[in-house]
Amino acid sequence: MGGELLGRIDIPKATAATILIVFLGAAVRRRYYSPLSDIPGPFFASFSVIWQLWHIIKCHTEAAMREMATGLTRQLAGKFVRLSHKEVSISDPAAVREVLQSQMDKANWYKVFSMPDSRYENTMSETSYKEMNRRTRNVAAGYSLSNVIKGEPYIDKALGLFQTQLDRRVASGSSIELDKWVNYLAFDVVGESTFSKSFGFLEAGHDIGNSISNQYKLRLYIALIGHFSWAHDYLLANPLIGHFNLQPSMHVFDTSMAAVKKRSESVETRNDMIELWQQQYRNHPDRMDEKEILAAAVANGSADVDIFKMGAGADTVSCILQAFCYYLLRDTESLKLVREEIDNASLSPIPSYEETRELPVLSACIKESYRIHTPVGFNLPRVSPSPDGVTVCGRYFAPGVILSVSPWVIHRQQSVFGSDAESYNAQRWLGDKDRAIQMEKYMIAFGTGYGSCPGRSLAHMEILKTTALLIRDYEWEQVTKGQVWTFETYFTSIPYNWPVKMRRRRKFNA
Ligand code: HEM
């Protein structure tokens with residue numbers, strides 16, 4: 001009898017029905033019976049990460065976040081928005097202090113940055129507050145301002161090459177894809193600073209082997225798989241992939257490690273970041289694992305392997321250099337002011353950090369670029385701690401809830417930046433010093449707190465010198481005047497497709 005009944009049941013259909021019921025049950029529970037149920041958000045976000053995945057695929061997470069936070073989708077206006085069954089985004093400026101400057105661990109999303117495989121945790125992929133502090137201490141000397149200043153001649157070398165290449169294009173009268181050139185510059189500087197070795201993009205004058213443009217696949221992988229970080233261990237971060245050479249770049253890994261060792265034995269090695277990290281390892285082998293050295297180089301985006309050119313140090317700088325040039329074309333008053341300031345400053349042929357670091361109008365234009373086109377377009381997520389949970393911006397969150405803050409949303413808060421917060425206005429930083437200090441507290445382009453960017457000194461020096469050189473020596477206009485640029489956000493929001501015509505202003509010392 002039982003056997004007959006079993007025989008009549010369509011097993012595949014029954015399995016499908018069971019799975020559907022389980023999924024529906026979970027969705028209903030997450031949407032209606034979760035402690036986060038009362039927090040508004042898009043429908044699909046109330047029970048899954050589908051909404052986030054959709055906006056990653058559409059390449060504009062930053063715009064979706066802004067739209068919700070500014071209440072353009074009116075019923076969603078408010079300081080909390082539910083982004084998934086377990087994530088809440090907070091637009092209240094107080095979240096800068098209460099979330100990012102707290103000791104909450106980073107969310108598992110960051111684990112996807114462990115490259116070349118899961119054995120190589122770096123400060124980006126590390127999620128534990130405690131462990132991250134240990135790792136950060138180990139690599140801090142390499143990123144310090146004093147070390148960056150020692151490396152200034154190598155940045156100058158890259159900038160000299162950048163200028164030579166621009167001049168060739170200016171002389172030929174061809175249009176210039178500034179996005180590509182600043183990208184080459186940013187990558188070569190990261191290579192020099194970390195590894196004493198430029199990637200050679202400026203010298204070659206093109207994207208060698210399409211290694212930069214091909215990175216979009218890896219960017220998409222990171223953005224999507226970050227939401228299923230457990231899967232990363234079975235995919236790109238699976239050591240077996242390297243072992244069996246299944247991922248084309250992995251075989252270079254051991255070679256890179258050997259190269260790192262060899263160069264530290266050479267008397268000619270200069271004090272680049274790797275050298276300082278090696279010194280730290282030699283002095284404190286009890287505090288540091290040798291693998292951390294390569295992992296840190298990977299995080300910067302500097303190792304001689306295509307997959308590594310994904311790091312944090314180049315795309316971000318390229319975003320700001322581009323935003324600086326793009327937005328000044330739209331704010332002619334600020335362009336005039338910054339040109340006057342630079343022209344009166346008698347800068348060296350390659351402007352030095354010392355000469356450029358205290359020019360107020362230049363600084364204002366750079367700050368406004370950080371604000372209006374923040375390189376990191378994703379939310380920065382932290383996790384409500386066990387066992388007590390946390391109260392943030394007046395609301396309690398149970399342990400495990402992901403609390404995230406979008407730099408794009410914070411940077412457009414009218415309560416902080418004024419009623420014109422949506423527009424580029426470099427002059428908001430000039431004049432009223434107290435207001436500038438207040439606004440500065442909410443500038444989170446580099447993140448803030450224990451997870452903030454260690455490369456900010458290098459980035460800032462490079463940006464100051466490059467922008468000063470561009471302003472002093474060139475004029476530029478878009479080939480199609482007023483054309484809106486294109487950018488896509490997979491963690492970073494890198495613009496492209498806005499060719500310019502450039503003209504030399506005057507030869508230095510001419
Ligand atoms: C305009 C330039 C840059 C911006 C806006 C920027 C921004 C950021 C942000 C927002 C984070 C993540 C913070 C978080 O998750 O809370 C980060 C992390 C990181 N950045 Fe940058 N960055 C820039 C340049 C650089 C450069 C030049 C380097 C290195 C050469 C670098 C190395 C790193 C590393 C290694 C991390 C991982 C986190 C850590 O170690 O604490 N960044 N950056």
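Buried, in this talk, means under 20% relative accessible area. I start there because the word comes up for several residues, and F491, at 12%, falls on the buried side of that cut-off. The model is predicted.

Let me stay with F491 for a moment. F491 sits in the loop between β8, residues 486-490, and β9, residues 492-496. Its phi is near 75°, which is a positive value in a residue other than glycine. So that backbone angle belongs to a buried residue, with 12% relative accessible area.

There is another such angle further along the chain. Phi of N497 is near 65°, again positive and again in a residue other than glycine. N497 is placed in the loop between β9 and β10, the latter being residues 500-504. Is N497 buried or partly exposed? Its relative accessible area is 39%, so N497 counts as partly exposed.

One more backbone item before the ligand. The peptide bond from S386 to P387 is cis, and omega is near -5°. P387 lies in the loop between β3 and β4, where β4 covers residues 390-392.

Now the ligand. The ligand sits in the largest pocket. Several elements give two or more residues to the shell around it: α6 (129-143), α16 (291-300), α17 (315-328), β3 (380-383) and α24 (456-473). The shell holds 28 residues, and the closest are Y110, T123, R382, G451 and C453. By class, the shell divides into 19 nonpolar, 8 polar and 1 charged.

Which protein atom serves as donor to the iron atom of the ligand? There is a single donor from the protein, the SG of C453, at 2.3 Å. C453 itself is in the loop between α23, residues 433-440, and α24.

The ligand also has oxygen atoms with polar partners in the protein. An N or O atom in the side chain of T123 is 2.3 Å from a ligand oxygen. For R382, a polar side-chain atom lies 2.6 Å from an oxygen atom of the ligand. With S452 the partner is in the backbone: a polar backbone atom there is 3.1 Å from a ligand oxygen.

Next, helix α15, residues 273-283. Which residues of α15 are buried? They are M273, I274, E275, L276, W277, Q278 and Q280. The N-terminal end of α15 is capped by D272, with a side-chain oxygen 2.9 Å from the backbone nitrogen of E275.

I274, from that buried set, also takes part in a pairing across the sequence. S193 and I274 are 81 residues apart in sequence, while their C-alpha atoms are 8.7 Å apart in space. S193 lies in helix α9, residues 178-195. At 14% relative accessibility, S193 counts as buried.

I have two more pairs of that kind. I463 is in helix α24, one of the elements that contribute to the ligand shell. I463 and I366 are separated by 97 residues in sequence and by 8.0 Å in space, C-alpha to C-alpha. I463 has a relative accessible area of 1%, so it is buried.

The other pair is F47 and F23. They are 24 residues apart in sequence and 10.0 Å apart in space, again C-alpha to C-alpha. F47 is found in the loop between α2, residues 11-32, and α3, residues 50-57. Its relative accessibility is 17%, so F47 counts as buried.

Last, a side-chain contact. D167 belongs to helix α8, residues 152-172. What joins the side chains of D167 and Y474? A polar contact of 2.7 Å does. The value for D167 is 19% relative accessibility, and the cut-off is under 20%, so D167 counts as buried.

To go back over the main points. The iron atom of the ligand has C453 as its single protein donor, and the ligand sits in the largest pocket. The cis peptide bond runs from S386 to P387. Positive phi values turn up at F491 and at N497, the former buried and the latter partly exposed.

Definitions and conventions
Residues are numbered from 1 along each chain as its sequence is written. This is a predicted model: local features need pLDDT of at least 70, side-chain atom pairs count only at pLDDT 80 or more; totals for chains, interfaces and linings use all residues. Side-chain values use heavy atoms; hydrogens and water are left out. A residue is near a molecule or strand if one of its heavy atoms lies within 4 Å of it. A polar contact is a pair of N or O atoms within 3.5 Å; within protein, one must be able to donate a hydrogen and the other to accept it, and residues adjacent in sequence count only if both atoms are side-chain atoms. On a 1 Å grid over the protein atoms alone, a cavity is a set of points where a 1.4 Å probe fits but cannot get out, and a pocket is an open set with protein on both sides within 12 Å along at least five of seven lines; lining residues have an atom within 4 Å of a point. A molecule sits in a cavity or pocket if more than half of its atoms lie within 2 Å of its grid points. Helices (H or I, at least four residues) and strands (E, at least two) are DSSP runs, numbered from the N terminus. Ala, Val, Leu, Ile, Met, Phe, Trp, Tyr, Cys and Pro count as nonpolar, Asp, Glu, Lys and Arg as charged, and the others, Gly among them, as polar. Donors are N, O and S atoms within 2.8 Å of the metal (3.2 Å for Na, K and Ca); water is not among the atoms, so sites may look incomplete. Buried means under 20% relative accessible area, exposed over 50%, partly exposed in between (1.4 Å probe, protein chains only).
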